[in-house]
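Dear colleague,

I am passing on the structure we discussed, and below it you will find my notes on what turned up in it. Please read them with the sequence and the coordinates open beside you.

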Amino acid sequence: MLRPSLILTTMLSVALLTLPSRSFSARPVGFARAASVFGARPQSSIAAATLADVCDAPPATHPAFDLLKSETVAEYNVRTTTYRHTKSGAELLSIKADDDNKVFMVSFRTPPTRSDGVAHILEHSVLCGSKKYPTKEPFVELIKGSLNTFLNAFTYPDRTCYPVASLNTKDFKNLVNVYLDAVFHPRAKTDPMVHAQEGWHLEAEDVSDDLVYKGVVFNEMKGVYSQPDSLLNRESMRSLFPDNAYGVDSGGDPKDIVKLSFDEFAAFHTQNYDPSNAKIFFYGDDDEAERLSLLDSYLSEFSDSKSRPKSAVEYQKKTFAAPLRETHHYPSSDAEGSDAKPMLTVNWLLNDSQMSSYDSLALNVLDHLLLGTPSSVLHKELVESQLGEALTGGGLSDELLQATFSIGLKGVDESKLGDVEALIESTLAKVVAEGFDKSAIDASINTLEFSMREFNTGSFPKGLSLVLGCMSKWNYDQEPTSALRFEEDLAAVKAAVAKDGSKVFTDLLQKLIVDNNHKTTITMKPDPTLEAAELKEEKERLAAIKAGLSEEQMREVVEKTKLLKELQAKEDSPEAIATIPSLSLDDLETKVKEYPVSISSTAGITTATSSLPSTSGILYSSLAVDVSDVSLEDALLLPILTRLMQEAGTSLLSDVEMSRKVGTYTGGVSVGMSMLPVLPSKRESASVVRETDNMMTKIFLKGKATKDQTGALFSIFNEMLTDANLASQGKVVEMLKAKKAGLESGIQGSGHSYANTRLKSRYSVSGYLDEYFGGISSLDKVKAQLDMAENNWPAMEAKLESLRELILKETKCRDGMILNMVGDEATLEAAKAPLADFLDALPGSPKPSSRFPDFKATSHPWATAAKKAMSATPANEGFVVPTQVSYVGLGGRLYDVGEKTNGAASVVARHLRTGYLWDTVRVIGGAYGGFCMFAPGSGIFSYLSYRDPNFATTLDAYDAAADALLEQAEKLTDEQLATAIIGTIGDLDGAMTPDQKGNAAYMRWLTGETAEERQAFRDDVLATTKEDFIAFARRLKSRNPAFSTSVVSSKDGCKDAIAAGRAMDVIDVL
């Protein structure tokens, strides 16, 4: 059985999207990519003949492999075959599927014994050159010129995984070859400089300098340990597991990382990166016999290391005689007015022996009943208690050997900490005594079943979702495919519920949680002196190290610093680069893929329809409602209005009843506001930089349902839109407290994103509006709204009522409504009758007497208001938060309004990101990420860094980027140019599910972009020349002096940057 898996990667610094984790114990280290499925079965998504071909064909055989088991997994319409490589002992799970998004992964069990981050550092390091591919970083060379749909590596608390995916067979084989050689023959095992770069080293450029610690993972984890949420999760995990691998931090504690020697690092590879400790996985439509031959070419040189020490994870026994309580501290701001408060979680270890698949599924249903929606009983009780600002902990985590349950609140007054713990315990006890309502059980089971059967992983490769589910069993020597099967257990859970009702879940709750003494309560309290104390301790430790060094030893540190930087700056030889397998321009698709959308109008409402095969009998639909008549000032209330539409219930249904209706009859419904830039109707081409005054502003109600429940879906849309209970002061206060907490956490942990939003707000209307609604400045707006909700609720409620009345104005609203539907032919046909009823029932006259402006031909009123508020002179700003790292942004307008850009600019920007910035900011500078972004529509260019130990020196690197790019451009080879083009095409051509294809067609129509313009952009990319690189570099050099800075950092970081000559306004945020 699969569960939503947060895939937090640790290598890729060019896709910096951080996602919140629902669980603490299974969290891999690093950046985020999400597998968004619980587990699923695509119904009717593969034609019967194709399914027979996939599942009935005999599995491949090979003399080097023992075939252990082959079977069809009906839940996924795939054939699985498990093998063991006879000589090396490696295990292989080969899945044959009618899916061209092919996936490979090799995983090693790597339970750590200390918090020195050895598994995490090794995960970074093995991709830094290998026997067959002796470049400094083959991984980066692959990023530059691959069509991959996934390329990364990540570290769990007990395993390290190396997955790749690609739609192109040649590209896929290239990726597999590089990864296999990397894990079994890494340069890192014999070159201490790799450990120094990726892990840690002492650095000094002169014998008179103070020593400093540098290293990519060291700085990454400094960022992690600056975040209160991360510290709370770490202490919660440690407290539950005093005796096994989960009690230490596989990512690494910065204080322990610097204790890891190179010999220990190399020994960890020897012990764990052996084929006999490997789990290897293939998935897709590629040739299975070729999989076996390719693997054997790498595995045949190894013999099964039966004498190798065991890597198995031992169970933590539930030995606590009584629950434990601990108090720790997190770094908070010392700024006047800081409102940092404690946070608390209550945590349970649920099992100390293998859990049955039935219990595991029932436990997931129980988790959803308790926390799955805002109306779930434990979620609702905690949030509505007003004891804290937002939930934390996340509930059930079951991706490791042992499952845990963790829940609590952050933003709690110190005097109320005991009340939080008491409320959690009393709520769970009450549930055991009173049970769950039948409608709640039905809704939770249906929600999980819908997700399992839909198996919609979005742009995340389906095969990778499958293998990550399998690893929750396979990593512990259990049957891997047992994680893929759910039909039997689902039927058993339903039968048990039919017989015993709520008792199925209350018995489980009492046994695993209520009566379970293996429980810890972790409190984290703010300490405004902690950051300074930790920095002082580190400086004193380094000073003591230096004092203990002889003059000759200090010269050695200086020489090693110099040598490392020389090696980092040295370019790979053409011969080394040539070893990296690559594609050619002839391997690329030259035409843009187009998807169908038909536009019609019924009863005054525009309807967009995309008929696509294989949507598994599911209708994906959205209703857009225009909100452009709302003033920009009042528009700040629209996010509150949309949340109330989704969560507050109606005049006939309470919030709980509405939530259960959604869960029972649909696959989910969401409501949100969107600002969508559109192309001017009168334009020379889409490649001309524009003012971004043209935009659509809509509320979108989005949902999905099986074809026999489309009527219920449409009914819910209408009820939420027209009859949401806006008299919900308590819910609004809860929402705003949670939003405030989320912004504070986001600015501190994802400062690069907020720095970039702030940068763009200085140069474009759309950038200003993005910052206005969700940037750093929005934190003060949310605080003001919270004050109004608490102290002047009648005024806020009246505003919300007037907003709804305005956007549903009888004489006008239908003119701005657009209904979008995506489905297969049979599903769309089944939706016709419910659709007609829905359109008739919507508010507004079928013949509107007034119309909305055509915003493709005229400026949006929000844009007009934004222009008046924008400053004529962009400011340099430093935003202060408690942190030991910086997020450094520099940017501005690279192309002026009216100038023409083309696809070549995106090729050059990508080359700069994966070349100079990676090498200079990440590799040499030690930041976890260094990259740039270019928006052709607005002409805005920005540099950004992530978890950066530097500030002023990173800005220096940005200033030098144009000259470096120009030097590279003048020496650019045909091979380097082709690589840059291939990588850019790879970014354009990701894998898409049917609903994504339909949504892409809809968005293309909404924005006004034509097929010819899309093809022209692609043609520009394919036709990029050396001269385009030179022109871009010269333009970047000429514009750089006018760029402005936006940096999220510490108070000392800003102070040091100012001392280094970087003038800026310093603003305390937290």
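**Coiled-coil annotation**

Over residues 532–570 the chain is 90% helix and 0% strand, and the C-alpha atoms at the two ends of this stretch are 37 Å apart. I looked at this range because the unreviewed UniProt entry annotates residues 532–570 as a "coiled-coil region". Please keep in mind throughout that the model is a predicted one.

**Cavities**

The structure holds six cavities of 30 Å³ or more, and the second largest of them has a volume of about 70 Å³. Its lining consists of Phe172, Lys173, Val176, Phe282, Asp286, Asp287, Glu290, Arg291 and Leu294, and the elements that contribute two or more residues to that lining are helix H4 (169–184) and helix H10 (288–299). By residue class, the lining of this second largest cavity divides into four nonpolar, no polar and five charged residues.

**Two buried charged residues**

Asp655 belongs to helix H23, which covers residues 655–665, and because its relative accessibility is 13%, below the 20% cut-off, Asp655 counts as buried. Which side chains does the side chain of Asp655 meet in polar contacts? One is that of Lys380, at 2.6 Å, and another is that of Lys731, at 3.3 Å. Leaving out residues up to four places away in sequence, Asp655 touches Ser375, Lys380, Glu384, Glu647, Ala648, Gly649 and Lys731, so that both lysines named above appear in its contact list as well.

Lys698 sits in strand E22 (residues 695–706) and is likewise buried, since its relative accessible area is 7%, under the limit of 20%. The side chain of Lys698 makes a polar contact with the side chain of Asp626 at 3.3 Å, and it also reaches the backbone oxygen of Gly816 at 2.7 Å. Although Lys698 and Gly816 are 118 residues apart along the chain, their C-alpha atoms are separated by 8.5 Å. Setting aside neighbours within four places in sequence, Lys698 is in contact with Ala624, Val625, Asp626, Val627, Gly672, Met673, Ser674, Gly816 and Ile818.

**Two buried loop residues**

Ser886 is found in the loop that runs between strand E24 (877–880) and strand E25 (887–893), and at 6% relative accessibility Ser886 counts as buried. The side chain of Ser886 makes a polar contact of 2.6 Å with the side chain of Ser1049. Beyond residues up to four places away in sequence, Ser886 touches Ser945, Tyr946, Arg947, Asp948, Asn950, Phe951, Val1048 and Ser1049.

Leu612 also has its place in a loop, in this case between strand E19 (605–611) and strand E20 (618–626), and with a relative accessible area of 8% Leu612 is buried. The residues that Leu612 touches, again not counting those up to four places away in sequence, are Pro596, Val822, Gly823, Asp824, Pro994, Lys997 and Gly998. Gly663, 51 residues from Leu612 along the chain, has its C-alpha atom 25 Å from that of Leu612.

With best regards

Note on methods. Residues are numbered from 1 along each chain as its sequence is written. This is a predicted model: local features need pLDDT of at least 70, side-chain atom pairs count only at pLDDT 80 or more; totals for chains, interfaces and linings use all residues. Side-chain values use heavy atoms; hydrogens and water are left out. On a 1 Å grid over the protein atoms alone, a cavity is a set of points where a 1.4 Å probe fits but cannot get out, and a pocket is an open set with protein on both sides within 12 Å along at least five of seven lines; lining residues have an atom within 4 Å of a point. Grid points are joined across faces, edges and corners, and a volume is the space filled by probe spheres set on the points. Helices (H or I, at least four residues) and strands (E, at least two) are DSSP runs, numbered from the N terminus. Ala, Val, Leu, Ile, Met, Phe, Trp, Tyr, Cys and Pro count as nonpolar, Asp, Glu, Lys and Arg as charged, and the others, Gly among them, as polar. Buried means under 20% relative accessible area, exposed over 50%, partly exposed in between (1.4 Å probe, protein chains only). A polar contact is a pair of N or O atoms within 3.5 Å; within protein, one must be able to donate a hydrogen and the other to accept it, and residues adjacent in sequence count only if both atoms are side-chain atoms. Contact means heavy atoms within 4.5 Å.
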